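Student: I'd like to practise reading a model residue by residue. Can we go through it together?
Tutor: Sure, pull it up and ask away.

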Amino acid sequence: MKISKNKYQAMERLSTKDHIIAALAIDQRGALKKMLKADDFSGDVEQTIVSFKELVSEELTPYSSSILLDPEYGLPAAKVRDEEAGLLLAYEQTGYDATEPGRFPDLIHDMSAFRIRHEGADGVKFLLYYDIDEGDEVNERKHAFVERIGSECVAEDIPFYLELLSYDAEIADNSSAEFAKVKPRKVIEMMKEFSKPQYHVDVLKMEVPVNMRFVEGFAENDSDILHTKEEALQLFKDQSDATHLPYIFLSAGVSAQLFQDTIEFAYESGAKFNGVLCGRATWKGGVPVFVEHGEEKAREWLRTQGRQNIEELNEVINRTAQPWTEKLSQ
């Protein structure tokens with residue numbers, strides 16, 4: 001697929017010299033607030049989120065090709081990132097609209113693709129919750145929503161990274177075995193949908209197509225196995241074959257080790273993924289340290305365990321991911 005010169009150069013700023021996307025994500029807002037609450041934090045939550053994002057950006061972007069932040073809390077962190085790290089900014093509000101069925105997204109009210117570009121970002125990221133089986137009255141609204149954002153990004157000549165999270169309107173718990181049974185089809189089919197040209201997506205940020213807790217070799221008990229190893233490998237390959245676009249994996253809050261093992265598994269399947277945008281698997285262990293012991297101890301944790309997490313992941317993706325230049329050209 002051909003993209004503009006400006007988009008191509010921005011993609012280069014967001015990736016390694018080998019055109020692998022080895023990006024760090026800390027655009028979490030609601031999730032960070034929940035993490036602080038879980039650790040019984042009683043201080044200034046808003047300022048703490050700003051400060052923690054700055055710490056993560058300052059300490060870990062020297063080992064990342066780029067960083068994903070949010071304009072609401074993350075702009076100070078963008079200013080202290082490593083000078084060679086690219087910048088993605090999120091366009092969506094945290095969570096989704098809970099006032100009606102459908103998990104509809106909301107944009108940050110005072111942002112636009114134009115403003116995101118003028119904040120110095122190299123790309124726009126937008127998160128969409130999507131159930132391929134929900135009715136047209138819901139999904140057509142979502143299709144139009146993404147089309148508008150894609151058109152904005154074309155107008156501003158900036159890459160569009162679309163993050164897709166699957167769900168089932170009839171299943172409350174995404175971590176359940178019930179959802180694990182239907183997840184593969186939902187992930188693969190939504191990937192096909194948003195690879196269509198009217199959305200102008202440049203990179204898909206994707207879940208893996210299975211819940212690894214229910215895969216042979218990863219499940220704690222044999223009774224939990226829903227997919228044999230061979231079935232799961234085929235699903236990873238089917239996901240890869242579902243798009244002509246570059247796609248990268250999100251970590252979905254799993255442990256650093258499980259995420260690395262999952263990337264290895266994807267590679268074994270023959271999947272042609274192009275990197276990662278990894279968040280909590282890298283830095284979440286620093287949150288309780290920050291809460292209990294303060295900034296300097298958290299900085300020490302990021303410089304040791306946080307750096308180790310990201311360097312170990314980099315070693316895996318440098319061996320396993322494919323350059324996005326195999327899919328995009330000027």
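Student: Let's start with A252: is A252 buried or exposed?
Tutor: Keep in mind that this is a predicted model. For exposure, you compare the relative accessible area with a cut-off, and over 50% counts as exposed. A252 has 53%, so A252 is exposed. You'll find A252 in the loop between strand 7 (247-250) and helix 9 (256-269).

Student: What about the backbone there: what is the phi of A252?
Tutor: Its phi is positive, about 55 degrees, although A252 is not a glycine. R103 is another non-glycine with a positive phi, about 50 degrees. R103 is found in the loop between strand 3 and helix 5.

Student: Where does M111 sit, and is M111 buried or exposed?
Tutor: M111 is in the loop between strand 3 (86-90) and helix 5 (113-118). Buried means under 20% relative accessible area, and M111 comes in at 13%, so M111 is buried. If you want a distance to try out, take M111 and N318: their C-alpha atoms are separated by 34 Å, with the two positions 207 residues apart along the chain.

Student: Now a helix. Which residues of helix 1 are buried?
Tutor: In helix 1 (residues 5-14), the buried ones are K7, Y8, A10, M11 and L14. Look down the axis and check how far around they spread: they cover an arc of only 165 degrees, so they are on the same side of helix 1.

Student: K7 is a lysine in that buried set. Which side chain does K7 meet in a salt bridge?
Tutor: The general idea is that side chains of opposite charge can pair when their charged atoms come close. Here the partner of K7 is D202, at 2.8 Å from N to O. D202 is in the loop between helix 7 (177-193) and strand 6 (203-206) while K7 is in helix 1, so this pair ties together parts that are 195 residues apart in sequence. D202 counts as buried at 4% relative accessibility, and K7 counts as buried at 7%.

Student: How many salt bridges are there?
Tutor: The count comes to 31. Have a look at E59 and R299, whose side chains meet at 2.6 Å, N to O. E59 lies in helix 3 (residues 45-60) and R299 in helix 12 (residues 295-320), so the pair ties together parts that are 240 residues apart in sequence. Both E59 and R299 are buried.

Student: And which salt bridge involves E268?
Tutor: That one is with K229, at 3.1 Å from N to O. E268 belongs to helix 9 and K229 to helix 8, so they tie together parts that are 39 residues apart in sequence. E268 counts as partly exposed at 46% relative accessibility, and K229 counts as partly exposed at 30%. Salt bridges can also share partners: here they join D27, R29, E72, E92, K125, E163 and K205 into one network.

Student: Which residues gather in a patch of negative charge on the surface?
Tutor: You're after E216, D222, E230 and E231. Residues enter such a patch only if they have over 30% relative accessible area and no salt bridge. Take E230, found in helix 8 (residues 229-241). Its relative accessibility is 54%, so E230 counts as exposed.

Terms used: Residues numbered from 1 in each chain as written. Predicted model: local features only at pLDDT ≥ 70, side-chain atom pairs only at ≥ 80, totals over all residues. Heavy atoms only, no water. Patch = residues over 30% accessible without salt bridge, like charges linked within 9 Å, V, L, I, M, F, W, Y side chains within 5 Å. Areas by Shrake-Rupley, 256 points an atom, 1.4 Å probe, with all protein chains shown as cover. Salt bridge = Lys/Arg side-chain N within 4 Å of Asp/Glu carboxyl O. Lys, Arg positive; Asp, Glu negative; His and termini not counted. Charge placed at Lys NZ, Arg CZ, Asp CG, Glu CD. Helix = DSSP H or I, 4+ residues; strand = E, 2+ residues; numbered from the N terminus. Buried < 20%, exposed > 50% of the residue type's maximum accessible area, 1.4 Å probe, protein only. Arc of directions from axis to C-beta.
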